[in-house]
Amino acid sequence: MTNRISRIAGLQFTVSLAALALAACQPTAEEVVEPQIEASTASPASPASTASTEITVSNGTSSVVIDPANWPEGQSGVERDPEIEAFVAELVSRMSVEEKVGQVLQADISTVTPELAAQYHLGSILNGGNSGPGNDNFAPPEAWLALADEYYTVTTDTSDGGVGIPIIWGTDAVHGHSNIVGATLFPHNIGLGAANDPDLIRRIGEATALEIRATGQDWTFAPTLAVVQDDTWGRTYEGYSERPEIVANLSRPMVEGLQGVAGTDDLLSGDHIVATAKHWVGDGGTDRGIDQGDNRSSEADMRDIHAAGYPPAIAAGVQTVMASFNSWHGIKMHGNGAMLTDVLVDRMGFDGFVIGDWEGHGQIAGCTPEDCPQALLAGVDMYMASGSWRGLYESLLTQVQDGTITMERLDEAVTRILRVKVRAGMFEGVAPSERQHAGDFDLVGGDEHRALAREAVRSSLVLLKNDSGLLPLNPTTHILIAGDGADNIGKQSGGWTINWQGDGHSNDVFPGAQSVFDGFEEVVSEAGGTVTVSEDGSYSERPDVAVVVFGENPYAEFVGDQDYVNFPDETGLDLLSQFQADGIPTVAVFISGRPLWVNRELNASDAFVAAWLPGSEGGGIADVLIGDADGEARHDFVGRLSYSWPQRADQTVLNPHDDGYDPLFAYGYGLSYASAGEPVGGLSEDSGLADLGGEGMIALAGAGRVLGDYQLVLQGAGEPVAVSGPDASSDDGLVSVTLDDRDVQDDSRRMTWTGEASVRVEGATAALDSNSLLQISYQVTNRGEGPVGLAMACGEACEGGLDVTAGIRWAEGKGWQSAVLPLSCFADAGADLSAITAPLVITGSVGLELWIDDVSIGGEADADMACEL
């Protein structure tokens, strides 16, 4: 660090000393509601003290008792440099209060221009999952680097008399530099946990850092250190394992791969970036696996299970920690000062800065996204105020001036942020485009990184069944690759891929990547065999073996939450059964972000491989599944389950330390060519859901997104338009849809009509019972000028529709509503419930603005239920 300080010591800053004066004013915000903290001793525990200090944190209705002395005592692997400390202290002393407030704010690039970032002295920007340069998720690497330069140039300009602090850019590079078209996409963490190879993890971190350096970003929000206890959670695949020892084992090498090794000149050098340990803490243990929900663990379990990955990350010198959305016994982590300050900083020795999650401060009791001093007071140093930053800036400025927030706390937060920026070399006067590796776009998706990702795929695969010894496959034979995942790079990459949900991507947006089929074709053609691809399983020449690639479609965060660990999509099962009936040996390759109940698919296959979410290098699957011409394996299966595999769909909580642990495949299970293990045999096909009422429900949409094989289609006067991303319009513009916020980011679908048109959920549906119910969560923000219809359709001449205009008008402006309609209403209106192809059709006209959240079919109608909203 000495050389770095010598380079920054000569930098000159021009400041207006008059800006340091504070204007006195009266508070205008409502009375602040803060978590109440009571300590049993006069001072909190610190790294130098193990005295018991019980702290009770309460939000008025719930409370939790925390004793920092019960938590591991630690120290950051990065020692403080006296020269850096002096530099930062001198800089803070010259900053105006406006500059200080700006430093604790992070805005999304879709909501702030470079000029506004400079005007408000913002400390950071991020590109959220649906943000890119020029609002283009598919912008080329050159555009990302150019935009980084723009933000840097304006924020370091001191011509206005300010100190000119460079902005730091954070990105969700959670499985490679995954927002960038053409980047290397590594397996998601669940697959890396199955590999459980620290050296592999370190090399992946190093490669990811280099690709980020090429496009000019400074910081990634990774690694995720969640220890997932309920696999219904939509972020299960972001966790390495359900077991704390694996998460702890992989935490340090990933941080070191991204940041470099603490105590060496390599730390935060030009080859590396800033890492984030997230989400502090308990995100993987919420009740019923609900994303952003409540963790009800004991303090001992929170420490020993959920926090297990943090001591190694802190020892590795991780420079940022992200506060979690979840609560702990009802107390939101963003406002839990005992955990953010007394435990994480004072006891465990974290010495970077704490970043909030996407508008997470707004979920604290008494807060809104634009007004929340509680988070800063609790220990959040930088707000991720993606869209609320301007209103939050104004309220924070007022709260500093009226004393709600002390200057001491503000200076502490700013000091922590600047300390990290200096350590990361951001004060060296070098624009992003002039830094090491910047503009070296050959690094983005380069051959070495793709070879590493392919190695990671090989290491992550877990062989669950190979009863007949079908694997490895002979490469000189005729192999058919079938299923909707056979030639689908987007599906195999999962969420957090180019956009937040990772959905709607064709193969052409993944230049240089390999689908599973591409990988098989490469290996088999070299050996003289043949391979064909057929998504629907049809063939003209009988194959020697069929490989069926199927599984979950991409999702991220709460969109992936589900009630049970069932896998409702039966298209893969149908293909396996079809080949089985034809006497063709079958290999199942299951793409998923979690273990799921697939007993039927296991029974219908000769071999079954859990491939998780392998990313861009599908060839790694072929490397292991295909042997040489002599029948010998070229690569063996080395992956082992880091999550237990359920034998029933109701086994949502299934961990070795749980009472009644009874998995189908236990934690650590995995077959290999060298050790075949016991045959799986015939498995029970009882899901366990019938007695719970979980079967028979058909989920059409969740969080405004269609589910399963259903498709959202816009129909104006012209050709229908299938919706594949967050925003879309009919070809004539008469109806448009976008994702918008109900409770959290993009958790509902807003539909706007400018003329007569329809929004349709299309997809073949099994015969429906007229006594079942159509259930819709919706709100009306503008009733429009004309009639509104709700229908079920079964072809052009087969539609049963209801006039729901009166209900829409009643609901206008009344917030979210729940509608329950008997299917008999649609049958009486002409729909053939045995042949429905569009189970939801909404027709509107000029001015209608309607939102939907969840849509499902199920339950049983009462005799007196009406056919109206």
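Me: Is Asn179 buried or exposed, and what is its relative accessible area?
Reply: In this predicted model, Asn179 is placed in the loop that runs between β6 (168-171) and α6 (189-195). A residue counts as buried when its relative accessible area is under 20%. Asn179 therefore belongs to the buried class, its relative accessible area being 4%.

Me: Which backbone oxygen lies 3.3 Å from a polar atom of the side chain of Asn179?
Reply: Once neighbours within four places in sequence are left aside, the residues in contact with Asn179 include Asn127, Trp144, Thr171 and Ile498. Asp172 is also one of these contacts. The oxygen that lies 3.3 Å from a polar atom of the Asn179 side chain is the backbone oxygen of Asp172.

Me: How many of the residues of strand β19 (residues 586-591) are buried?
Reply: On one side of β19 the residues Thr586, Ala588 and Phe590 are buried, and on the other side Val587, Val589 and Ile591 are buried as well, which leaves both faces covered. The strand is largely enclosed by the rest of the structure, because the number of its residues that are buried is six of the six.

Me: Which helix does the chain pass through as it crosses from β18 to β19?
Reply: Strand β18 (residues 545-551) and β19 run parallel and are joined by six bridges, with Gly551 standing opposite Ile591 in β19. The β-α-β crossover that connects these two strands is right-handed, and the helix on its path is α18 (residues 571-581).

Me: Which residue of β20 stands opposite Val589?
Reply: Strand β20 (residues 607-612) pairs with β19 in the parallel sense, and five bridges hold this pairing. Within the β19 strand, Val589 is one of the buried residues. The residue of β20 that stands opposite Val589 is Val609.

Me: How are the rings of Phe567 and Phe590 arranged, edge-to-face or stacked?
Reply: Among the 20 aromatic pairs found in a search of the whole structure, the rings of Phe567 and Phe590 have centres 5.2 Å apart and planes at 80 degrees. The pair links distant parts of the chain, since Phe567 is in the loop between β18 and α18 whereas Phe590 is in strand β19, 23 residues apart. Phe567 is buried at a relative accessible area of 6%, and Phe590 is buried at 0%. Planes over 60 degrees apart fall in one class, so the arrangement of Phe567 and Phe590 is edge-to-face.

Me: What is the class of the pair formed by the rings of Phe590 and Phe608?
Reply: Phe590 lies in strand β19 and Phe608 in strand β20, so this pair ties together parts that are 18 residues apart in sequence. Phe608 counts as buried, with 0% relative accessibility, and both residues belong to one aromatic cluster that also includes Phe550 and Trp645. Because the ring centres are 5.9 Å apart and the planes stand at 50 degrees, the pair is tilted.

Me: Which residues touch the most other members of the largest nonpolar core?
Reply: The largest nonpolar core holds 127 residues. Tyr383 touches, among others, Val104, Leu105, Ile355, Cys372 and Leu396, when residues up to four places away in sequence are not counted. A second, separate core of 76 residues includes Ala194, Trp233, Val462 and Leu683. In the largest core, the residues that touch the most other members are Trp71, Trp280 and Tyr383.

Note on methods
Residues are numbered from 1 along each chain as its sequence is written. This is a predicted model: local features need pLDDT of at least 70, side-chain atom pairs count only at pLDDT 80 or more; totals for chains, interfaces and linings use all residues. Side-chain values use heavy atoms; hydrogens and water are left out. Helices (H or I, at least four residues) and strands (E, at least two) are DSSP runs, numbered from the N terminus. Buried means under 20% relative accessible area, exposed over 50%, partly exposed in between (1.4 Å probe, protein chains only). A polar contact is a pair of N or O atoms within 3.5 Å; within protein, one must be able to donate a hydrogen and the other to accept it, and residues adjacent in sequence count only if both atoms are side-chain atoms. Contact means heavy atoms within 4.5 Å. Two strands pair if DSSP finds at least two bridges between them. A crossover is right-handed if, with the strands pointing away from the viewer, the path from the first strand over the helix to the second runs clockwise. A nonpolar core is a set of buried Ala, Val, Leu, Ile, Met, Phe, Trp, Tyr and Cys residues joined through side-chain atoms within 4.5 Å. Rings of Phe, Tyr and Trp (its six-membered ring) pair if their centres lie within 6.5 Å; planes under 30 degrees apart count as stacked, over 60 as edge-to-face and the rest as tilted.
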